[in-house]
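Okay, everyone, let's get going. I'll put the sequence and the model up, and then I'll talk you through a few things.

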Amino acid sequence: MQRPRINECTRCNGTGYIGKWKHIVNGMCFECEGENGYVRSSYKKTGRVAGNKDRFRQEIIASIASDDSVLSGRIDLLSEPEIISGMATLAEEGFDDEILADYAHQMSKR
Ligand SMILES: [Zn+2]
């Protein structure tokens with residue numbers, strides 16, 4: 001079935017729907033949540049449940065940039081995409097920043 005284009009979301013091609021996730025929230029796109037006229041942007045919507053690794057990656061980067069996180073100032077990690085990716089996986093599994101920082105510490109020592 002061809003879905004109408006309702007917004008400018010790049011994740012779901014503007015349909016608000018991602019077929020491979022249909023068993024989760026009826027395939028709703030986590031990026032735009034099927035919002036009419038949504039335009040993908042980099043600003044962070046707070047209080048929204050993160051639904052995918054990309055978002056966790058962005059949150060980790062935001063934590064590094066902030067000054068109230070155990071990850072604050074770890075800009076060295078920004079040049080280690082594999083570590084960030086591993087941290088995003090941990091975050092996705094529900095581990096907090098402290099565990100992520102430990103992981104980053106272990107990984108960057110090698
Ligand atoms: Zn979307």
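So, Asn7: buried or exposed? It's buried, because 21 other C-beta atoms sit within 10 Å, and the cut-off for buried is 20 or more. Keep in mind that this is a predicted model. In the sequence, Asn7 belongs to the segment before α1, the helix at 22-25.

Who does Asn7 touch, once we set aside neighbours within four places in sequence? On one hand there are Gly14 and Gly16. Then you get Cys32, Glu35, Asn36, Gly37, Tyr38 and Val39. Take Asn36: that residue is 29 residues along the chain from Asn7, yet their C-alpha atoms are 5.6 Å apart.

Okay, zooming out. The chain has four helices and zero strands, so to speak α-α-α-α when you read along the sequence. Of its 110 residues, 20% are buried. And if you take contacts with a separation of 6 or more, 39% of them link residues 24 or more positions apart.

Now the helix pair I wanted to show you. α3 covers residues 81-92 and α4 covers 97-109, and they pack at about 150 degrees with the axes 10 Å apart. Anything over 145 counts as roughly antiparallel, and therefore that's what we call α3 and α4. Their crossing is right-handed.

As for who meets whom, α3 brings Ile83, Gly86, Met87, Leu90 and Ala91. From α4 we have Ile99, Leu100, Tyr103, Ala104, Met107 and Ser108. Sort the residues of that contact and you get nine nonpolar, two polar and no charged.

Conventions:
Residues numbered from 1 in each chain as written. Predicted model: local features only at pLDDT ≥ 70, side-chain atom pairs only at ≥ 80, totals over all residues. Axes fitted to C-alpha atoms, helices over the stretch in contact; angles between N-to-C directions. Helix = DSSP H or I, 4+ residues; strand = E, 2+ residues; numbered from the N terminus. Parallel < 35°, antiparallel > 145°, perpendicular 65-115°, else oblique. Left-handed = near helix turned anticlockwise from the far one by under 90°. Contact = placed C-beta atoms within 7 Å. Nonpolar A, V, L, I, M, F, W, Y, C, P; charged D, E, K, R; others polar. Buried ≥ 20, exposed ≤ 12 C-beta atoms within 10 Å, placed from the backbone.
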